[in-house]
Structure formats: C-alpha cells, structure tokens
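Visitor: I'd like a quick tour of this protein, please. Could you show it to me and keep things simple?

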Amino acid sequence: MLKHGYLTYTRSCAWLGYSDQQLKQSKYASMFKVKVGADLQDDICRCRFVRKMIGPDKIMMLDANQQWEIKEAIEWVTKPAEFKPFWIKEPTFPDEDMHIQRGHATISKALELLGIGVATREQCHNTVIFKQFLQAKALSYLQISSCRLGSVNENLSVLLMAKKFQSKTLQNAAAMRKSFCPHPSS
C-alpha cells in the first residue's frame, strides 16, 4: 500500500443516463464500474463503449443494484460477457433468509464458468449477513463498507471470515470519491 497507494475504482464512469462525452472524462482510472440493469441493449452498448475507451488491460465491473431475479441475472450478465467484466455487483435483491444467499450462490456458480465474479456491499450490513453469504459460497468479492458495519471490530470479523472462506475483500471507498475519483461533472 505504501508503494502503490490505496486501490480504488471510479463508479462515476457509467451512471445510467450519462452521455458518451461524460463517460470519456473518467478514462484516467484503472478500474471502472458500469451500472447495468435498465435495458439490455443499452447495457451492451455501454459496456462496448467503456471497454473500447479503457482498453483490454483495465478492469471493468458491472453493478445491477439488485435489479434482477436469479435466472434473469444469469441470462443478462451472460450477454455482455464478451467485454470481460470482472464481477457483477448485487445482481439480485437482499433478504434476511438463506434463500437469497442460495440465489447469489446459483448466480456465482453459473458466472464462474465465464470468469465473472459476484460482489456485494449494500446487502451486507453486519457480520451475520456476510457469514451467510460466505457459507453459501455466494460471493467472490466482499466490498466492506466501514460505515455500514459500524465498528472496527465488525470490520475485522468480516476480514477474518473472508480469509477463512478464501474470498477476496475490498474496502469500499465511496466516501472518498471527491479526493480519489472526481465526478465527471466536477
């Protein structure tokens, strides 16, 4: 971390409704999160545009904001797979019971064959939910939000569980967006 800094990504590169010109202002980053889920053909065009803009060596991720049912998520993410997304974040809606974690596990297993991981953040607001997702093998990437978890102890607990379940973790740096990833309109 001392040598390369804190790795983060821009989430402002592909908000739904941004023009191509606004998207081009984000090309300085090395990782890009593209919002998807409203219209499949628009998503494919947006993914094609972003991939062309950033090239093959930069990381592109997808974020569905809990738009789909399980089968729909698998079918939808399979379509832009040619653009090599690193992960799909929050493909389906949250719930407190294990049914949804199993749904995420189904999505994760299907997309693993394409080399696409599954990530979440907003859905996991405590160690219990993270534990359920991990036990179900529902996540490839845990995006930990210190603000949502609410304490250092809870953050550490999630990091230890992630290590035990051999899952990758990323600290969510959304609150630091202004200093690291300027919004195209600023």
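Visitor: What share of the accessible surface belongs to carbon and sulfur atoms?
Guide: This is a predicted model, where local features need pLDDT of at least 70 and side-chain atom pairs count only at pLDDT 80 or more, while totals for chains, interfaces and linings use all residues. Residues are numbered from 1 along each chain as its sequence is written, and side-chain values use heavy atoms, with hydrogens and water left out. Areas here come from the Shrake-Rupley method with a 1.4 Å probe, and for residues only the protein chains shown count as cover. The protein's accessible surface comes to about 10000 Å², and the carbon and sulfur share is 55%.

Visitor: Which helix gives the most to the largest nonpolar core?
Guide: A nonpolar core is a set of buried Ala, Val, Leu, Ile, Met, Phe, Trp, Tyr and Cys residues joined through side-chain atoms within 4.5 Å. Buried means under 20% relative accessible area (1.4 Å probe, protein chains only), with exposed over 50% and partly exposed in between. The largest core has 37 residues. With five residues, the one that gives the most is helix 2 (helices, H or I, at least four residues, and strands, E, at least two, are DSSP runs numbered from the N terminus).

Visitor: Is Ile-129 buried or exposed?
Guide: You'll find Ile-129 in helix 5. Its relative accessible area is 3%, so Ile-129 is buried.

Visitor: How far apart in space are Ile-129 and Val-158?
Guide: In sequence, Ile-129 and Val-158 are 29 residues apart. In space, C-alpha to C-alpha, the distance is 9.8 Å.
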